[in-house]
Amino acid sequence: MNSNAITTRYPGYDVLNKRDTPSWDPITRQVVEERLSMSRQPRFFDLAQWTAATALCTCVVVQPDDRLAVPVAAMLDARLFEDQGDGWRDARLPPLRQAWCIGLAALDAESQGEHGLVFAQLAAARQTALVEQMQCGKLRAAAWQGMPSDLFFSERVLHDLYGAYYAHPAAWSEIGFGGPANPRGYVRLNKNRRDPWEAIEATAENAATVKRKNTRVR
Amino acid sequence: MSGDAVQHPRARGGQAPDVFRKGGWVSMREYPCDEEVDFVIVGTGAGGATLACRLAEQGFKVVALDAGAWWRPLEEFASDEAHQQKLYWTDQRICDGDNPLKMGSNNSGKAVGGSTVHFAMVSLRFRPEWFKCRSLLGYGADWPIDWREMWRYYDEVEQALSIAGPITYPWGPPRKRYPYRSHELNAAALVLARGAEAMGTAWSATPLATVSAPHGKSPPCVYRGFCVAGCATNAKQSALVTWIPRALKAGAEIRDLAMAGRIETNDLGRAVGVEYFRDGAWRFQRARNVVVAGYAIETPRLLLLSANHRFPDGLANSSGLVGKNLMVQSNQAVWGVMDEEIRSYKGPPSLSISEHWNYQDKGKDFFGGYAYMSQGPLPVGWASTQNGRGLWGAKLSREMQKYNHQAGLKIVGETLPQERNRVTLADEKDQYGLPVARITYGFCDNDKKLIAHALHFMEQALEAAGGKEIWRQEDDTCHLNGTARMGDDPRTSVVNADCRSWDIPNLWICDGSVFPTIGGVNPSLTIQAIACRTADRIRALAQRGEL
């Protein structure tokens, strides 16, 4: 699935190199360390749900293949284990945990119905096709229990998976985000100006040099 | 450390957290529950904290309750979007209607200091005509307050918060220069400036409630850019670091983790106090006056939850308008990719602004106005915006690679009051056993025309500024107002100009709920100005024996 993964414009940049600089304060170190050391074993999902959720995360969130993958499914599981809501719910959706339980079971049911296999057993292209149908609201099997599949996809799948992924330092490094910034903050605010503790953007010509320089950014 | 703040009340035993010193405490006066205090205030955001401070400074006995935690910003505010969701009201609410709202991060706080702990600090005055927009502009409803009076209170709040802004502001009647110099503009703010100049319209540095030079115990802003996730340096002039320390000093008691569930009334139809949940038990605070300052969702919810034999439709609701006329502000944007590096994560998110279409009425096919501002989304928020256009997988990854080159223009747009947009009680219960709010919302045709106008104009402006691959974000909303409007007539409003209930003379409402119209500017400055005015009116009424 990651065959069309993109390469970062910020080779060599790792926001975690700033951990012991004035850009990180104690509470931020603690919070990020907890996230990095979280259990990769599910505490909320059962085995079937966990298998489906893992496959769905791999299908939806494309990650570079030259580093360890961000454990999106484990982050989702942690959120469901804590039952951490957003503060609202579209009236057409059931509560957080219930929505995920129904959605994953329905995805497996749709997959079984069409291909005789659960979602995780499908080839990548077929998984993608099924997810695209979910995005368009075309999945309507009884297993959805009346939950609109397009709404489940936009309000739960995308919201929860990407909310997890972009909360991870690896994703910050990938897009050249400065990351935590207390107490140092920033000084150079104008266009094309970067502080020495910010990532350098590479071009095709200078990628190797930039990579070397970025490893020293902190 | 963080868990502690949401599990055990901190303000007790005669002390409260000192937000300016790590591990520090300040002394706090305490009142027994069975003492009838002068005012019990529900909510400590822009309305409640301001009023608590001003009333305590006038010598009234004040107890303020907040459902949220009393955070210590210097130790407990991480530079981390996900962790800082602890500042948002994440208790369940159910949203329906033609355009179901998204709550939480963009519009609801649950903390001592309310939403001001995570607001974007944009501090704008209403256009004067908006206070009489039915009479002068032909839409919405008139406010029962004169703009010149509000202008004096705006002055007061801008001084109290040391607002950093330009020497001359391009729109509206002449005003004094802002107390603090404006902040340096970041690259994203300069994109707005280029676009506005190309369109032949004015622009300005945004007046912001974060200090550009030291003030008291607040250091100047360091441009770390996590403003909407909470300020870890105390540069932001939130209620938590401004009105609340002042209120404590003046003798107010503020109770954290205190969720109000019901206002009691007596046989005479007067409010006698508030039942609230704190430290594992329901308690009751007696008071001569009750002020509701829970913002546009929790305020009507509490009034409706307090229905009793005498007031079967909820308190202060003889007009039937409690919960109705909920107004959001439209929050649509255009985004584009710039050749140059923008890195808009640096600095406050909205450093520049155009209020052109708040003050210019020609060329509009709709009522109302909008401001638009430069933007600085952080990664989680930015990914969510991209999800909103249906992107995921490799397409999303490719878009996210452009993060440091993107720039956006986003409106704070006026919507019209409509009675069908409302807050009611759902069957579902929250963790306190109280029915949750059901929020019903849909844009009207006028709202849609305003949005279309804004997107069209901003698209041209962004293109003129050099933006490429421009696209429209059409689905966002922000601030909430209405649901307990003020007015001159008890039949068509919930409170009078003094924020005093028509039905129950010792019940007051002091937050954005009282807005009859919402205007095209962020509401926090106006909420605080109204709270200051209400405090002065209460003093005047007390002196005349009319309280």
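How much area is buried between chain A and chain B, and what share of it do carbon and sulfur atoms give? In this predicted model, the buried area is about 5,000 Å², and carbon and sulfur atoms account for 55% of it. Three residues deserve mention here: A:Trp88, A:Arg89 and A:Leu189 together supply 14% of what chain A buries against chain B, more than any other three residues. In terms of contacts, 64 residues of chain A meet 62 residues of chain B.

Allow me to turn to the polar side of this interface. Between the two chains there are 27 residue pairs in polar contact, counting pairs in which both residues have pLDDT 80 or more. The side of chain A that touches chain B draws on several elements, each supplying at least two residues. Among them are helix H1 (26–36), helix H2 (47–60), strand S1 (89–90) and helix H6 (149–165). By class, that side of chain A holds 27 nonpolar, 19 polar and 18 charged residues.

Four salt bridges are found across the interface of chain A and chain B. A:Arg89 takes part in a salt bridge with B:Glu428, where the closest N and O atoms lie 2.9 Å apart.

I would ask you to stay with A:Arg89 for one further point. Which residue of chain B does A:Arg89 stand opposite? The partner is B:Ile94, in strand S5 of chain B. The strands themselves, S1 of chain A and S5 (residues 94–96) of chain B, pair in the parallel sense over two bridges. A:Arg89 thus appears in the salt bridge with B:Glu428 and opposite B:Ile94.

Technical notes: Residues are numbered from 1 along each chain as its sequence is written. Chains are lettered from A and ligands numbered from 1 in the order in which they are written. This is a predicted model: local features need pLDDT of at least 70, side-chain atom pairs count only at pLDDT 80 or more; totals for chains, interfaces and linings use all residues. Side-chain values use heavy atoms; hydrogens and water are left out. Contact means heavy atoms within 4.5 Å. Buried area is the accessible area (1.4 Å probe) that two parts lose on being put together, summed over both. A salt bridge is a side-chain nitrogen of Lys or Arg within 4 Å of a carboxyl oxygen of Asp or Glu. A polar contact is a pair of N or O atoms within 3.5 Å; within protein, one must be able to donate a hydrogen and the other to accept it, and residues adjacent in sequence count only if both atoms are side-chain atoms. Helices (H or I, at least four residues) and strands (E, at least two) are DSSP runs, numbered from the N terminus. Ala, Val, Leu, Ile, Met, Phe, Trp, Tyr, Cys and Pro count as nonpolar, Asp, Glu, Lys and Arg as charged, and the others, Gly among them, as polar. Two strands pair if DSSP finds at least two bridges between them.
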